[in-house]
Amino acid sequence: MKFILSVVIATSSLFAAVSAHAIVKRAPPAGPHWDYSGDKTGPDHWGLLDPAYVTCESGMQQSPVDINKESLSRFVHCAKKALTFDYKPVKDAVAHFNGHTVEIDWTPGAKTHNNSIAIGKKQYNLIQFHFHTPSEHRINGRHADAELHLVHRNPVDKSLAVIGVLLQAQARNVPFFHYLTALQKKVHADKHSAVAAAPGTTSAIIEELLKDSVCAGTQPTSEEATKVDYPLPSVDFEPLVRALKGFTPRWEYSGSLTTPPCSENVAWNVMHDPYPIGLDQLRALVDLQGYNARDIEDSRGGSSHK
Ligand SMILES: *[C@@H]1O[C@H](CO)[C@@H](O)[C@H](O)[C@H]1NC(C)=O
Ligand SMILES: [Zn+2]
């Protein structure tokens, strides 16, 4: 197995004497290729691509779902259990496009604080967060512009709890998402240098093409984009958590991963309140990841969409 090693050099903003080096080991995606295109590798075929993905086809508690009167009367609940959280700014994270989504992750150190949530008595550590455009969960049939997934894992039984935040576009950019446009710029800058280095091309033509592709929102190829890391010395969740009232008003249900292998027993927590995302930040997401929302799964007794 081949690992891509990417070295992240974090600049210490407050104490100039300290310079931290974190090494992020990134495994190539496991399992066969899957995507959102709807042909032989799209969502309707995920369950057939690999025996490990069979739950995508046969699972009875699949996500995402539409939150409406009907699902609320059957399996989605207004949260009753307290969700407590212990979040501090995450150090030395990396924003990157992994071929499916823009993801922010980091390597937990033995001595670094693990951000965590507790649902009832069960504790889960925050391991990464990522984005879907448009939203995967819907409310009364309607998508939000995007959805943020904060993925947490129980260190003992490895079960997952995900906080889903619906994102609504606004004109002004939102500080919490500053890395999205920065990553987009970096991806296009790398693409530029890679293409310009090819024989028989001039940088002026390439520049025009790039301008066009940026304007047209053309997706960079996954292979190019996945090589680009945007280092984040610190991610502070405080503004997000404050706006979401400490993750309090929310819907809960037991569901699944929305990507292969579609594993179930995921404790979903979808926030009532949307959070804003700047239009340029949303455009950066779409530019990087395109359409990456799984369809509503209505296999819980409704008619199947398959
Ligand atoms: C954070 O979580 C990881 C993974 O479960 C663990 O290896 C590490 O020791 C934890 N760190 C602390 C400070 O508890
Ligand atoms: Zn997700």
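## Around Leu167 and Asp145

Set aside the neighbours within four places in sequence, and Leu167 is in contact with Ala144, Asp145, Ala146, Glu147, Leu148, Pro274, Tyr275 and Ile277. Keep in mind that this is a predicted model. Leu167 is also listed, with Ala95, Val102, Val165, Leu183, Leu285 and Leu288, among the residues with the most contacts inside the largest nonpolar core, which has 57 residues. Strand 13 (residues 160-170) gives the largest share of this core, 6 residues.

Now look at one of those partners, Asp145. Where is Asp145 found? Asp145 sits in the loop between strand 11 and strand 12 (146-153). Is Asp145 buried or partly exposed? With 19 other C-beta atoms within 10 Å, Asp145 counts as partly exposed, because the cut-off for buried is 20 or more. Apart from its neighbours within four places in sequence, Asp145 touches Pro134, Leu167, Gln168, Ala169, Ile277 and Leu282. Take Ala169: it is 24 residues from Asp145 along the chain, yet their C-alpha atoms are separated by 6.4 Å. As for the whole protein chain, 69% of the contacts between residues at least 6 apart in sequence join residues at least 24 apart.

Leu282, another contact of Asp145, belongs to helix 8 (residues 279-289), where Gln281, Leu282, Ala284, Leu285, Asp287, Leu288 and Gln289 are buried. Two of these, Leu285 and Leu288, are also on the list of best-connected core residues. After helix 8 comes Gly290, with a positive phi near 65°.

Next, the strand pairings. Strands of a sheet pair through backbone hydrogen bonds, either parallel or antiparallel. Strand 16 (residues 264-271) is mostly covered, with 6 of its 8 residues buried. Strand 16 pairs with strand 13 and with strand 15 (residues 250-256), as the table shows. In the first of these pairings Val162 has Trp268 as its bridge partner; in the other, Ser256 is matched with Glu264.

| Strand pair | Sense | Bridges |
|---|---|---|
| Strand 13 and strand 16 | parallel | 4 bridges |
| Strand 15 and strand 16 | antiparallel | 7 bridges |
| Strand 3 and strand 10 | parallel | 2 bridges |

The last row belongs to an open sheet of 3 strands in the order 3-10-11, with mixed pairing. Strand 3 (66-67) and strand 11 (142-143) stand at the edges with a single partner strand each, so one side of each has no neighbour in the sheet. Asp66 stands opposite Arg138 in strand 10, which covers residues 138-139.

There's a ligand too. Which residues are around ligand 1? They are Pro108, Ala110, Lys111, Asn114, Asn125 and Pro155. By class, that shell splits into 3 nonpolar, 2 polar and 1 charged residues.

Zooming out, the protein chain has 8 helices and 17 strands, and buried residues make up 31% of its 306 residues.

How far can you lean on all this? The mean pLDDT of the protein chain is 82, with 77% of its residues at 70 or more. Confidence is highest in strand 16, at a mean of 98, and lowest in strand 1 (residues 4-10), at 33. Over residues 1-25 the pLDDT is below 50, and this stretch has 37 contacts in the model beyond near neighbours in sequence. Residues 301-306 are also below 50, with 6 such contacts.

Technical notes
Residues are numbered from 1 along each chain as its sequence is written. Chains are lettered from A and ligands numbered from 1 in the order in which they are written. This is a predicted model: local features need pLDDT of at least 70, side-chain atom pairs count only at pLDDT 80 or more; totals for chains, interfaces and linings use all residues. A residue is buried if 20 or more other C-beta atoms lie within 10 Å of its own, exposed if 12 or fewer, and partly exposed in between; C-beta atoms are placed from the backbone. Two residues are in contact if their C-beta atoms, placed from the backbone, lie within 7 Å. A residue is near a molecule or strand if its C-beta atom, placed from the backbone, lies within 6 Å of it. Ala, Val, Leu, Ile, Met, Phe, Trp, Tyr, Cys and Pro count as nonpolar, Asp, Glu, Lys and Arg as charged, and the others, Gly among them, as polar. Two strands pair if DSSP finds at least two bridges between them. pLDDT is the predictor's confidence in each residue, from 0 to 100. A nonpolar core is a set of buried Ala, Val, Leu, Ile, Met, Phe, Trp, Tyr and Cys residues joined through C-beta atoms within 7 Å.
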